[in-house]
Amino acid sequence: MLRVTRKLEFAAAHFYHNPNLSAEENRRIFGKCNNPKGHGHNYVLEVTVAGEPDPKTGMILDLNELKAILDREVTARMDHKHLNYDVPELSGKIPTCEEIATVIWNLLEPKIRQGRLEHIRLYESPELFVDCARNGQ
Amino acid sequence: MKLSLSRRYSFPASHRLFRAEWSDAENMRVFGKCANSHGHGHNYAVEVSVTGKVDRETGMIANLTDLDGFVRRNVIDAFDHANLNEEIAEFRQIVPTTENLCRVIFKRLEKFPHAKLERIRIEETGKNSFEFSSDGET
């Protein structure tokens, strides 16, 4: 089995606030990420698809098609957006790297039909990232 | 789908690869320039990966403030600007290769109370990296 990885970047704003907690608890748990005016990151996403190359094309999947899926599902939804307000899939969730990666996994997984989505890694910064891997991998 | 959270830390430290019971020639043959008697150093970059349930209230596997504090108290405070051979107790018995450094740091961090430590990955330089995972032997 082979794996192909494509990388993309998007810039987005967010802040962390749980309306079920007091202002003081929000500040204690989320620290400066609780600032309601928000802040932002250049997120970097690596998407890995696994499979056998098609003998006719030598490709696991058409990278143009993968790029089109990523443009539609991720870039159009999240690039230059505010993750608290503009992304319905994150509504009611704290837009942490864990939650964003989970949303991205759930958006991409059913859309990739040649090969299968095996892994995504979402960097919020070079110092912080989340991995989602298919179970049992 | 399995989720893990990784955080990257760094510290500069010095070390020397050698075994006291071996001759200089033997150390030089096995460890090469890393056996240089006065030691040398690296900017180590350490990736700490943890897994666990995403807390419903916070959206987090682990609060980074907790993770940063735990890593600082158990690793960075001791290893930053240190001589690994002489100042880190674990390396009195074992050679401070980066393989062993992965194990030592894993051991120091595995009691992190808020999530399960899954992997330690260390870049000794931009060209060399080493990993130790919880599913491996200990």
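How many helices and strands does chain B have? In this predicted model, the count comes to four helices and five strands. Read from the N terminus, those elements of chain B follow the order β-α-β-α-β-α-α-β-β. The C-alpha trace of chain B covers about 60 × 25 × 25 Å along its principal axes. Of the 138 residues in chain B, 28% are buried. As for how the chain folds back on itself, 67% of the contacts in chain B with a separation of 6 or more link residues 24 or more positions apart.

On confidence, chain B comes out with an average pLDDT of 95, and 98% of the residues score at least 70. For the model, ipTM is 0.85 and pTM is 0.90. A general caution still applies: where pLDDT is low, the predicted coordinates should not be read in detail.

Now to chain A, which has three helices and five strands. Starting at the N terminus, the elements of chain A go β-α-β-α-β-α-β-β. Its C-alpha trace spans about 60 × 30 × 25 Å along the principal axes. Chain A has 137 residues, and 31% of them count as buried. Among contacts in chain A with a separation of 6 or more, 68% are between residues 24 or more positions apart.

Strand pairing within chain A can be followed from strand 1. Strand 1 (residues 2–14) of chain A runs antiparallel to strand 2 (residues 39–51) of chain A, and 13 bridges join the two. Arg3(A), for instance, has Ala50(A) in strand 2 of chain A as its bridge partner. Strand 2 of chain A also pairs with strand 4 (residues 116–125) of chain A, again antiparallel, through seven bridges. Here Val47(A) sits opposite Ile120(A), a residue of strand 4 of chain A.

Helix 3 (residues 97–108) of chain A is worth a closer look. From first C-alpha to last, this 12-residue helix reaches 16 Å, close to the 16 Å expected at 1.5 Å a residue. Helix 3 of chain A is also mostly covered, with 10 of its 12 residues buried. At the start of the helix, the buried residues include Cys97(A), Glu98(A) and Glu99(A). Others on the buried list are Ile100(A), Ala101(A), Thr102(A), Val103(A), Ile104(A), Trp105(A) and Leu108(A). What does the covering of these buried residues include? From chain A itself there are strand 2, helix 2 (63–78), strand 4 and strand 5, and from the partner there is strand 1 of chain B.

That brings in the contact between the chains, which takes 23 residues from chain A and 16 residues from chain B. On the side of chain B that touches chain A, strand 1 (residues 2–15) of chain B gives the most, with seven residues. Sorted by class, this side of chain B has six nonpolar, six polar and four charged residues. Strand 1 of chain B also pairs across the contact: six bridges join this strand to strand 5 (residues 128–133) of chain A, and the two run antiparallel. Within that pairing, Asp131(A) stands opposite Ser4(B) of strand 1 of chain B. Strand 1 of chain B therefore turns up three times, as the element that gives the most to its side of the contact, as a partner of strand 5 of chain A, and as part of what covers helix 3 of chain A.

Terms used:
Residues numbered from 1 in each chain as written. Chains lettered and ligands numbered in written order. Predicted model: local features only at pLDDT ≥ 70, side-chain atom pairs only at ≥ 80, totals over all residues. Contact = placed C-beta atoms within 7 Å. Nonpolar A, V, L, I, M, F, W, Y, C, P; charged D, E, K, R; others polar. Pairing = 2+ DSSP bridges. pLDDT = per-residue confidence, 0-100. Buried ≥ 20, exposed ≤ 12 C-beta atoms within 10 Å, placed from the backbone. Expected span 1.5 Å × (residues − 1).
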